[in-house]
Each structure stands twice: as structure tokens, then as C-alpha cells.
There are 2 protein chains.
Amino acid sequence: MKLDLQDIEARFRRHDVRLTRQRAAIYAALVETTSHPSADDLYRIVTRQQPMMSRNTVYYTLSVLRNAGLVREVNVGHDMARYDGNVSMHHHLICLGCGQIMDVMDEELNRLHLSSGQARGFDVLGHRVEFHGYCVSCQQVHRNVSPRRR
Amino acid sequence: MKLDLQDIEARFRRHDVRLTRQRAAIYAALVETTSHPSADDLYRIVTRQQPMMSRNTVYYTLSVLRNAGLVREVNVGHDMARYDGNVSMHHHLICLGCGQIMDVMDEELNRLHLSSGQARGFDVLGHRVEFHGYCVSCQQVHRNVSPRRR
DNA sequence: TGCTATGTAGGAATCATTCCTGTCTAGCGA
DNA sequence: TCGCTAGACAGGAATGATTCCTACATAGCA
Ligand SMILES: [Mn+2]
Ligand SMILES: [Mn+2]
Ligand SMILES: [Zn+2]
Ligand SMILES: [Zn+2]
């Protein structure tokens, strides 16, 4: 989704996040893609516009945005953290070959819950569903290529 | 589950895993607990019996057992990897306060699938469901304690 | 416009995990 | 039973994503 500075400013204000050039660029890049980039992917993207930006600022900004609820972290095994600018409830479909992450929007999955017998007294706040497999272009080489670490 | 050396030997043979003192100890420790220990937890446990064992051997053995399908890796955010000696299909309930991981056995969850429209051509091989919340003993401090990184 | 709490850049530190290398040994065949 | 050899082990070094530290800069408010 394309966001202009107005939208970003409004969202940041609503979530009590101070607006800086760096943060706006990082957040915009994240919301405009559906590729669930890593911190380093984002660093590469935003330094095209702002070459002086520190990799550290990307990490710090992502933690600020995450705490504010504007961004989510998506973890795939022990690869580096991936980030998601879409904070509406949804799940993911992950390719074991190339690591791409696709969104899955499904109301049934969103409504999953645990019976009280299974919850063992936990106060359950949320859940996450991941589907694993091989994308179309990875299916041919499926057996030849060593899958990413899980 | 308690395993004797006979059982371990049989399983290793069936999965083409060479039997060593170190591997038997690591695998036994993992199957005998339901706590989903980290590599370092296992290192601490097995070095009580075999003080000369290298931390490296624990990592290497876990990767061998994982590739053989005798062990699974369970990842919680970016904390260190946790391991599961129970390879039957099941899911997990994770405490955001103390990090404990409990098993969830539920046939309905095991049968989840994606409609072909959602699968986008993926060859879907499996899925994983995690429930997140606070365990009984963490519920009191819920608001006071900063949750583990997710 | 000036103040101050916060953010940024850049470098150093961390630490779980992986890599390397020189012994050692499980498992097999003679 | 004995030796051979592919594969496993110990220990230390290296890696690399992430976090920590600190001096300088600036957003946002009075
Ligand atoms: Mn997503
Ligand atoms: Mn389990
Ligand atoms: Zn793929
Ligand atoms: Zn807990």
C-alpha cells in the first residue's frame, strides 16, 4: 500500500511515535511491500534514499514501531528476523526453498482457539499459523536443492 | 518417555544414525523430557554424566538427529533454538512471560489445510500452530514484567 | 526561539551457532 | 577377532545478526 507523509504522520501521532526522516522512510518501505523484508533488506532499501542512515537506526526504529504496534516481526526458523507492515490479523505461507513469505488471509484460521482443557490455565492472547512448502519455481528443484535451515 | 539403550539402538539403526555414547545420552535426555530444551540446556544435562562432551557435539548431534527425523526444532521468536524429541504431529502453547513451551495435541489442528485458492501453487508439506499467552504463574506479574522478545 | 528528552551514527561488544582441524572410534569386512 | 576407514568428537577460532555504548543532532513543546 502506498502511503504519503500525511498518513505516516497521522499514524505515528496516533501511536505516540516521534516522526523523523529515517522512521518515515523505514515505515513507508515496509508498508509498501508484501515481501516481509529483513532488517538488512530494509537497510539496503532506505539507504538508496538516505545513504547516511545507520543500520543501527533500522534496528532501533523497528523495535520502536514494533512496541507501538505499527509493525510485526515474523520469524522463520533461525533465519534473520523478517518484518511485516501489515498488522491486521493474518497468517503465512513459507517456501522452504527460497524463503519467500506469502500472506494468508483466512477468517477460519483467525478464529482458531484452544479448548479450556488444552489451555492448562494459560491466558491465551493470540496464535500464529504457518504453512510450509515449496513455491512454484522451487518445486522443480525440490529434491536437488538443500532446503533452508528450519 | 523412558528409553533404554535397546530402544535407542533400534531407532538409530532404523534411521541410519551411527550409535555413540554421546548421541545416546543427548537423544535420551531429549525424549525423557517434555520441556523442549535448548542446545545449551541439553549440554548442561548430558555433561553431568559425560563431562568431556563438547558443546559442539551437542549441536552436531542435534543436526544429525534432525536430518534423520528423530528430533524436531521448535523456534520461539529469536530466542535460542529449542528441541523436541516428540516427532509425532502436534502443536505448542508458549508462555510469553517465562518462555515455557507446552504440547498441544489436537486432531483438528493437525488437519488444518489451505484451500487451493490460497495455496498459490505451493506444494504445501506441513503447518505449524503456536498459541501465545501467559501461564498461570506468570499471570500475576503479566503487566509488571517485560515479556520475552517475540 | 531555546530547552530537553529522544533519536541517530558509528563503532565495539555479544553470543548462539557454525567452521576448522587434529585425534578417535563405530561398524564393517577379511 | 582384527584392522581399516568413513565418519564422529573435542576444542578452539570464526561468523554474523543483533545489541550496547556514547557523543552529537534534532523533534516537539513552552
Ligand atoms: Mn504478512
Ligand atoms: Mn512438543
Ligand atoms: Zn521458493
Ligand atoms: Zn510463564
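**Figure 1. The loop around B:Met105 in the predicted model.** B:Met105 sits in a loop of chain B. This loop joins strand 4 to helix 5 (107-110). The model is predicted. Leaving aside residues up to four places away in sequence, B:Met105 touches B:Asn86, B:Ser88 and B:His90. B:Met105 also touches A:Gln118 of chain A. Take the pair B:Met105 and B:Ser88: 17 residues separate them in sequence. Their C-alpha atoms are 9.4 Å apart in space.

**Figure 2. Chain B against chain A.** Each chain brings 45 residues to the contact, 45 from chain B and 45 from chain A. About 3,600 Å² is buried between the two chains. Carbon and sulfur atoms give 59% of that area. Three residues, B:His78, B:Phe122 and B:Arg128, supply 18% of what chain B buries against chain A. No other three residues supply more. The interface residues of chain B are, at 100%, also interface residues in chain A, so the copies meet through the same surface.

**Figure 3. Elements of chain B that face chain A.** Which elements of chain B give two or more residues to the side that touches chain A? They are strand 3 (91-95), strand 4 (101-104), helix 6 (116-119), strand 5 (123-134) and helix 7 (136-139). Strand 5 of chain B gives the most, with twelve residues. By class, this side of chain B has 21 nonpolar residues. Another 13 are polar, and eleven are charged.

**Figure 4. Polar and charged pairs between the chains.** Between chain B and chain A there are 18 residue pairs in polar contact, both residues at pLDDT 80 or more. Two salt bridges cross the interface of chain B and chain A. One salt bridge pairs B:Arg128 with A:Glu130. The closest N and O atoms of B:Arg128 and A:Glu130 are 4.0 Å apart. B:Arg128 also appears among the three residues that supply 18% of the area chain B buries against chain A.

**Figure 5. The axis between the copies.** What rotation superposes chain B on chain A? The rotation is 180 degrees, with 0.0 Å of shift along its axis. The RMSD of the superposition is 0.0 Å. That is the relation of a two-fold axis. In chain B, the C-alpha of B:Val129 is nearest the axis, 2.3 Å from it.

**Figure 6. Chain A, element by element.** Chain A holds seven helices and five strands. Their order from the N terminus is α-α-α-α-β-β-β-β-α-α-β-α. Along the principal axes, the C-alpha atoms of chain A fill a box of roughly 45 × 45 × 25 Å. The domain assignment of chain A gives domain 1 (1-87) and domain 2 (89-150). The C-alpha centres of these two domains lie 23 Å apart.

**Figure 7. Where the two domains of chain A meet.** The contact takes 14 residues from domain 1 of chain A and 14 residues from domain 2 of chain A. Between them the domains bury about 1,200 Å². Of this area, 39% is on carbon and sulfur atoms. A:His36, A:Val76 and A:Asp79 supply 34% of the area that domain 1 buries against domain 2. That is more than any other three residues supply. Six residue pairs, both residues at pLDDT 80 or more, are in polar contact across this interface. How many salt bridges does the rule find across the interface of domain 1 and domain 2 of chain A? The count is zero.

**Figure 8. The domain 1 side of that contact.** Two elements of chain A give two or more residues to the side of domain 1 that touches domain 2: strand 1 (72-74) and strand 2 (82-84). Strand 1 gives the most, with three residues. The residues of this side divide into three nonpolar, six polar and five charged.

**Figure 9. A salt bridge within chain A.** Over all chains, the whole structure has 16 salt bridges. One of them joins A:Lys2 to A:Glu32. Their closest N and O atoms are 3.4 Å apart. The pair links distant parts of the chain, 30 residues apart. A:Lys2 lies in the segment before helix 1 (5-14) of chain A. A:Glu32 lies in the loop between helix 2 (21-31) and helix 3 (39-49) of chain A.

How values were computed
Residues numbered from 1 in each chain as written. Chains lettered and ligands numbered in written order. Predicted model: local features only at pLDDT ≥ 70, side-chain atom pairs only at ≥ 80, totals over all residues. Heavy atoms only, no water. Least-squares fit on C-alpha atoms with pLDDT ≥ 70 in both. Contact = heavy atoms within 4.5 Å. Domains from an automatic or database assignment. Buried area = accessible area lost by both parts, 1.4 Å probe. Salt bridge = Lys/Arg side-chain N within 4 Å of Asp/Glu carboxyl O. Polar contact = N/O pair within 3.5 Å; in protein donor to acceptor, adjacent residues only side chain to side chain. Helix = DSSP H or I, 4+ residues; strand = E, 2+ residues; numbered from the N terminus. Nonpolar A, V, L, I, M, F, W, Y, C, P; charged D, E, K, R; others polar.
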